[in-house]
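Student: I am new to this structure and would be grateful for a close look at one part of it. Please explain the pairings between side chains, both charged and aromatic.

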Amino acid sequence: MYEIIEAIVRRAGGIILGAKHIDESVQEKSSHCDLVTKYDGMVQEYLREALLTAFPEAGFYGEEEEVHDIAGKSAYFIVDPIDGTMNFVRHAKHSCISVGLMKDGRMEYGAVYQPYTDEMFTAQRGRGAFLNGSRLKMRDVPLSESIAMFGSAIYYRDTIPATARLMQETLPLILDFRRSGSAALDICYVAAGRADVFFEACIRPWDYAAASLIAQEAGGVVSALDGTPLRYIDRCSVAVGSPSNYPELIRIAQRILQEPDMKGRIK
Ligand code: LIP
C-alpha cells in the first residue's frame, strides 16, 4: 500500500520539476504573503485523482480550495501539494509535497518529497522513519547544542509578537536559527539530524501532518507549543524536538503563553 503512495507522490514531483512560467500563474490567497500557483492546483488534483483511484474508500483533505472530503471516512489523506509555495514562486528550489494518511484518528503514514533533491522522507506508524530507504534517527541533544528551525506563521499576523518572543527567548540558548519556508521540510530536517528542534506559532494540518509522524518515528517528540497533542483538523502551533531539547522548548513557550499580551497569539 505505502509503496503505491510513495510512487504517486514521486510522480507528482515531476509536475513541480517541469513547471514553466511559474510567475505567470501566481495569485494571492489570504494576503500578499500567501500565494498559490496553477501548479499547486495541478499537483493537488493529480494527487487526489491518483490516491483516491488507488484507495477509493479514503477521504481527502487538501490545502488548495480547502478540499475537505473526510466526513464519515475512517481514513483520509492530508495533503499539501506544494509546501513552500513562496520558495517555488521565487525558484528557490526548496519546496516539497506532503501527503499524510490519517487512520482511525491517528497518523498512520507520512511521505514528504523534495523533488529538487530527490529526497523522499517517509514513515509508517511503529515502523520507523526513512530517507530514500535509509533509517532516520534524530540527534538527541540539549537546546544548547541545537540548531532551531522555525516558521514565521506570516499568514497569521496576530501571531507575529509570539514568534518574536519565542525567537528572543531561544536565540541566546541555541547554536543558531534556520528559516527555510517549508514547515514540512523543516520538521523532516529535524528528523534527519540536519537540525534539532522546530517551532511555529500557527500552521495548518497539511503543513505538518506527514512530517510530524516522520519526526516521531525518528525518535522525536511532537506537540502544540503549549504541550498539548497536535490537532489535525484545524490550524495549530507546532513544537518538534528530541527527548532532551523538547522539554526546554515547551517550558519557554509555556512561560511566554502566560505573558499578558500573548493570549491567543500561539494557536
Ligand atoms: C508554508 C509553511 C511555512 C509557513 C508559511 C506557509 P505553504 O506553507 O510551510 O512554514 O511559515 O507561512 O504556511 O503555504 O507554502 O504551503
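Tutor: The charged pairs are treated first, and the aromatic rings follow.

The model is predicted, so local features need pLDDT of at least 70 and side-chain atom pairs count only at pLDDT 80 or more, while totals for chains, interfaces and linings use all residues. Residues are numbered from 1 along each chain as its sequence is written, and side-chain values use heavy atoms, with hydrogens and water left out.

Twelve salt bridges are counted (a side-chain nitrogen of Lys or Arg within 4 Å of a carboxyl oxygen of Asp or Glu). One of them joins the side chains of Glu 6 and Arg 10, with a distance of 3.8 Å from N to O. Both residues belong to helix 1, residues 2-17 (helices, H or I of at least four residues, and strands, E of at least two, are DSSP runs numbered from the N terminus). Because Glu 6 and Arg 10 are four residues apart in this helix, about one helical turn separates them. Glu 6 is partly exposed, at a relative accessible area of 26% (buried is under 20%, exposed over 50%, partly exposed in between, for a 1.4 Å probe and protein chains only). Arg 10 is likewise partly exposed, at 32%.

A second helical example is found in helix 2, residues 38-54. There Arg 48 forms a salt bridge with Glu 45, and their closest N and O atoms lie 3.0 Å apart. These two residues are three apart in the helix, and therefore about one helical turn lies between them. Arg 48 has a relative accessible area of 28% and is partly exposed; Glu 45, at 37%, is partly exposed.

The salt bridge between Lys 29 and Glu 64 has its closest N and O atoms 2.9 Å apart. This pair links distant parts of the chain, 35 residues apart: Lys 29 lies in strand 1 (27-31), and Glu 64 lies in the loop between strand 3 (59-62) and strand 4 (67-69). Lys 29 is partly exposed, at 33% relative accessibility, whereas Glu 64 is buried, at 5%. Elsewhere, salt bridges connect Arg 165, Glu 169, Arg 255 and Glu 259 in a network.

We now turn to the rings. The whole structure contains ten aromatic pairs (rings of Phe, Tyr and the six-membered ring of Trp with centres within 6.5 Å; planes under 30 degrees apart are stacked, over 60 edge-to-face, the rest tilted). Among them are Phe 55 and Phe 77, whose ring centres are 6.0 Å apart and whose planes stand at 50°, so the pair is tilted. Phe 55 is in the loop between helix 2 and strand 3, and Phe 77 is in strand 5, so their pairing ties together parts 22 residues apart in sequence. Phe 55 is buried, with a relative accessible area of 7%, and Phe 77 is buried at 0%.

Phe 121 and Tyr 189 also form a tilted pair, because their ring centres are 6.5 Å apart and their planes meet at 40°. The two residues come from distant parts of the chain, 68 residues apart: Phe 121 from strand 8 (119-124) and Tyr 189 from helix 5 (183-191). Phe 121 has a relative accessible area of 0% and is buried; Tyr 189 is buried at 16%. Finally, Phe 150, Phe 177 and Phe 199 are joined into a cluster by ring pairs.
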